[in-house]
Amino acid sequence: MQQTAEDQQIGADLCVEIRPHWPQSLAADDLTRLSLDLAGISRLIDIMLPPDADRADLLRALPVLTDPLVEEWTVSDSVPGSPLVSLDVFPHPGVTDREGETAARALSLASPQLEGVSCRAGKRYHFAGAVPDAVRPSVERLVGNPLIHRFIWSDVVAAQPPAEQGQRIPTQTIPLPEREDELMRMSREHGLALDLAEMQAIATHFAALGRRPTDVELQSIAQTWSEHCSHKTFKADIEMAVSGRRETIHGLLSGYIMAPTAALAKPWVRSAFTDNAGVIAFDDEHDLAFKVETHNHPSALEPFGGAHTGVGGVIRDVLAVSAEPIANTDVLCFGLPETPEAAVPDGIHHPAVMCREVVHGIADYGNNMGIPTVGGAILFHPGYLSNPLVYCGTLGIAPRDSHPTSPELGDAVVVLGGRTGRDGLHGATMSSGTLDRAAVEGTVVQIGDPIVEKTLRDVLPHLRDERLYHAITDCGAGGLCSAVGEMGQRIGVEVFLDRVPLKYPGLSAWEVWLSEAQERIVLAVPRVALPRLQALCRLYDVEATVIGTFRDGGRLLLRDGAETVGDLAMSFLHAPPRRTLAASWEPPAAVPYKAGTPDDATTALLSLLRHPSIASKEEVIRRYDHEVGGGTIVKPLAGDAGPSDGAVLKPLPYSRRGVAVAHGINPLYGEIDPHAMALLAVDEALRNIVAVGGDPDYTALLDNFCWGDVSDSAELGRLVRAAQGCRDAALAYGVPFISGKDSLYNSSTHGATVVSIPGTLLISAVSVVPDVRRAVSMDLKQAGNVIYLLGLSADELGGSHYLWTQGNSGGRVPRVRPAETVPLLRRLAAAMCDGLVRSCHDLSEGGLAVAAAEMAIAGRLGLRLDLDRMPAADPLAAEALLFAESSGRFLVEVAPEDAARFESLLGDVPHAAVGAVTADPRLMIERAGAPVLDLPIAAAAAAWRRL
Amino acid sequence: MTVRTLVLSAPGVNCDPETAEAIRLAGGSPEIVHLNLLLDGKRRLDDYGLLVLAGGFSYGDHLGAGAVLAATLRYRLLDDLLRFIESGRPVLGICNGFQVLARLGLLGRVSLVPNIDHRFICRWVPLRVEASPCLFLRGLDDLDLPIAHGEGRVIAAPEEIIHVPLRYRRNPNGSDADIAGVCNASGTVLGLMPHPERYVSRYQHPRWQRGEGHHPAGLTLFRNAVRYVEGQP
């Protein structure tokens, strides 16, 4: 950054360093672990002045960038000559730099001469001592990510940063080879992720047309046919071999997920599987929209940015059904937090870092949007070490019949919100392949800007209520190609790629068309509505640009100025060849339960409470604003920060009606029996809904499959079994699926072996709470109250967390008992409506003992329970009664004066009074008059909080 | 007489709907007004009796919480704002709104910087109301309110006189002298980090199922403001 007088005239490059001078506490634990002393962190702003401005203008305006009370700033033309080593961290050119853009905005506000100034914001880490070369890469990984940041050490001459813009390459036509191996090589080299049949279909199509495809066309087809956009595995014909017996399955999605919804025909299901989110009726005038997405591959590469844009994406799904988001949910799966550093594969973030950064990303986006993050879970399992899972969900509300879905001839194609850059090219085709290839393409990383999305969220309800659009969709994976292509599928559409507003010049036509730049929404707008739409967008600081027209002919016409760069028949583009896949399944042989040398029950409970999947998530939950909006009635933390089963929101100020959201997930069962896993996940989601006051007969489900390498027939077979479990559960419990998503190929290559994640099914549930004043929390309320156990316990320790923490093996996975559980859920819900339930908690990971401990911790009270009174299917050993995770069970607290009414309401469903709440804060569990478990609640809480 | 209340909205402000609802419950007549409407002259601050700067992350809180919204008000609307305050009409800044008021220097020499542990925190906190001229906190004693912020640590220059009507009973963020809220000398301008608009109903209290929350302190705070304006000539 050398500067001469000459430079100043043409616009000098200056660096402002802003250092806090209040007593700073540095969050530098990780750097301390590297034996480094941080002397301070300051903000840097690199400033490129506009041609007409001079340095004096800048100096006058600079205070706007700082808080003079607590910060001091210096302007330097070169790296300061401090004797201390420092590290500067800046985003790479082209990577979204929100802070820098805001700095430019503030400077031009303070001084009109600075209009047009451009800024890049970074950070400077000052070290108190030497930083050995050997630890520098570790430091860089802690303070940034080489995929999105460049690092400049003060004692190393930095290489010039790459040019701001890449080269714009004119659209090319691409010859399609005839030989199969060459077609496949082309699929790989162009990042198409298409198989041979698909490549051949493309070759045949263009041979018939007598021309070569352009790069834009080829990429459009690859994108539209990608796993992410067309769900080809879930739509494929599958030849399934079960113990040698063969059957053909015509589509997992239609046969196992959508069919039960049609069969159940619930009148309150408003829209299922047709739009960006599933929709159910809330009351006579409003609908609820719910969607859960995954953002696994991007989060593995850049945990903050991946999770950040995952949240942003699912919020747009809800915006794109014309709804207003009211809550977010997040379910995360990571490798074990105590994994030794040496066991973490190269290029993979340590699970602890991954977790911290993903949580930061979710918190930043949700908090900035002002959407409460009200529910979720964090699971840890060694199988997620290389492939973490990040499920992001958004719930929204909309006035009934306010969501138009049909573009009309002549409507303008309008892109709203963020500008287009090279961000996230090939995210959709990446979902069709494993992680390894993607890691080398830095462009897959996306950085979000929640404030841009917030302005979209601000303006869209106005556009909706004034009926200014005929159709709306979000720009997610596949970018404009996917959004506009799908919207124009029925009519046809013409798009001028040169009219798309860009973050920086130099993008090739196909890059503009495929970019997955964030915070964009596409609308079909009647021409007559354009002026009003533009005015509203200006008011809310939203950029709106007409980029094309819906026109008949059934073609996708892509122009770049005067040049036609794409001309595809919609009928070809949206009809990928149907795949036929092979799957196989061998029912697992029953493995008898094998106990090791079990700990005594008290010690076993402490180990369970300390298990990272069970232990308190308070640290994480408090990073999320779970109360913004003021409608969170059952919060994620209950009493003394106990784990709520679900959340209840009150979305409308003038109505007492509420909405409950909850989840069911347990990959441990899936390792033994994926079919049972699906049934149990539905059972758990429903339990959690009912535990907080939801209506079991007014509950809808979302399915999210995260699976491994399904090109392996056994892996695909497990997926088929899980999907069949979804069908069986939906029909048995009478709960429809309304939306879902799949993320496949969550696997990584280690040497010659491909390691897949444990097949993981997340069931998310949404339900209506008739009156939020009857919602129930899980913390014990009052000493002297009666504790009931509802549901049957059985000898089912297979796949349990007890088995894991004790190092035992085998055993039966819990069965579901819908014939008993469905009436039980209904009667419990009725008892809650009558106000008879003081607290309620479902029995899940860790069984009775963990549920009881959590209720006592949350209520700061004690519990005395008698195992002999538990309703059981078989005569059971104490460890099964205490720790088995049998389905369909709850602990319920009832005041003594309500006990008779509660029991008569329950009728013949399995239940028993098993104990009482005590003022003495101890968990005391007895069998045959003798204590089998005796633990002060303070000790239980200390273990659960991992103190 | 209805108290016309301007609830300011801007890119990144996100607590405006529930703040407007709180004003309505308190008997006021709220209008959520986008900053651009004020900048374009389509709304005039002078037409309102009460101004509330709602919480959120205005302009992403880049350059520091509230910095850009404060800069916009300073360079484009400062005269209107000062006239509003000088006429004795109340101004309430909640969370991000407090950060904006502090940046504008309307509360004396105070700054809000990142929480001492550098973490965003969302929790309910017990607070103590100090004797002060603050009109918003009249009749309130100890109270519970939720906080949800990453930059709520108050730094107050020790030699300066500032007016502190609200303190944390357990300091959640490292604020100097447990300061949770600061007002001007006449008590008509209040900035506070806790969110009174999130406690206007019993069912918002985290322990309502345990029988708490019968006296929503947030509602009292907004009622105080509305009644104060109603009582003005």
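Me: Accessible areas here come from the Shrake-Rupley method with a 1.4 Å probe, and for residues only the protein chains shown count as cover. What does chain A expose by that method?
Reply: Chain A exposes about 32900 Å², and carbon and sulfur atoms supply 52% of it. This is a predicted model, in which local features need pLDDT of at least 70 and side-chain atom pairs count only at pLDDT 80 or more, while totals for chains, interfaces and linings use all residues. Residues are numbered from 1 along each chain as its sequence is written, chains are lettered from A and ligands numbered from 1 in the order in which they are written, and side-chain values use heavy atoms, with hydrogens and water left out.

Me: How do you know how confident the predictor is in chain A?
Reply: From pLDDT, the predictor's confidence in each residue, from 0 to 100. The mean pLDDT of chain A is 91, and 93% of its residues reach 70 or more. Over residues 1-12 of chain A the pLDDT is below 50, and this stretch has 22 contacts (heavy atoms within 4.5 Å) beyond near neighbours in sequence. Residues 434-442 of chain A also have pLDDT under 50, with 16 contacts beyond four places in sequence. Where pLDDT is low, the predicted coordinates should not be read in detail.

Me: Why is chain A called as compact as a globular protein of its length?
Reply: The radius of gyration is taken over C-alpha atoms, and the globule rule is 2.2 Å times the number of residues to the power 0.38. For 947 residues the rule gives 30 Å and chain A has 29 Å, so chain A is as compact as a globular protein of that length. Its C-alpha trace spans about 90 × 70 × 60 Å along the principal axes.

Me: What is the corresponding result for chain B?
Reply: A compact globule of 233 residues would have a radius of gyration near 17 Å, and the 16 Å of chain B agrees. The C-alpha trace of chain B spans about 45 × 40 × 30 Å along its principal axes.

Me: Why is Asp61(B) called buried?
Reply: Buried means under 20% relative accessible area, exposed over 50%, and partly exposed in between (1.4 Å probe, protein chains only). Asp61(B) has 12% relative accessibility, so it counts as buried. Asp61(B) lies in the loop between β3 (50-53) and α3 (67-76) of chain B; helices (H or I, at least four residues) and strands (E, at least two) are DSSP runs, numbered from the N terminus.

Me: Which class do Leu106(B), at 17%, and Ala207(A), at 59%, fall into?
Reply: Leu106(B) counts as buried, and Ala207(A) counts as exposed. Leu106(B) is in the loop between α5 (96-103) and β5 (110-113) of chain B, and its contacts include Leu81(B), Ile85(B) and Asn184(B). Ala207(A) belongs to helix α7 (residues 196-209) of chain A.

Me: What makes Ser243(A) partly exposed?
Reply: Its relative accessible area is 45%, so Ser243(A) falls between the two cut-offs. Ser243(A) sits in the loop between β7 (237-242) and β8 (245-250) of chain A.

Me: What is notable about phi in Ser243(A) and Asp61(B)?
Reply: Most residues other than glycine have a negative phi. Phi of Ser243(A) is positive, near 50°, and that of Asp61(B) is positive, about 55°.

Me: What share of each chain is buried?
Reply: In chain A, 64% of the 947 residues count as buried; in chain B, buried residues make up 66% of the 233.
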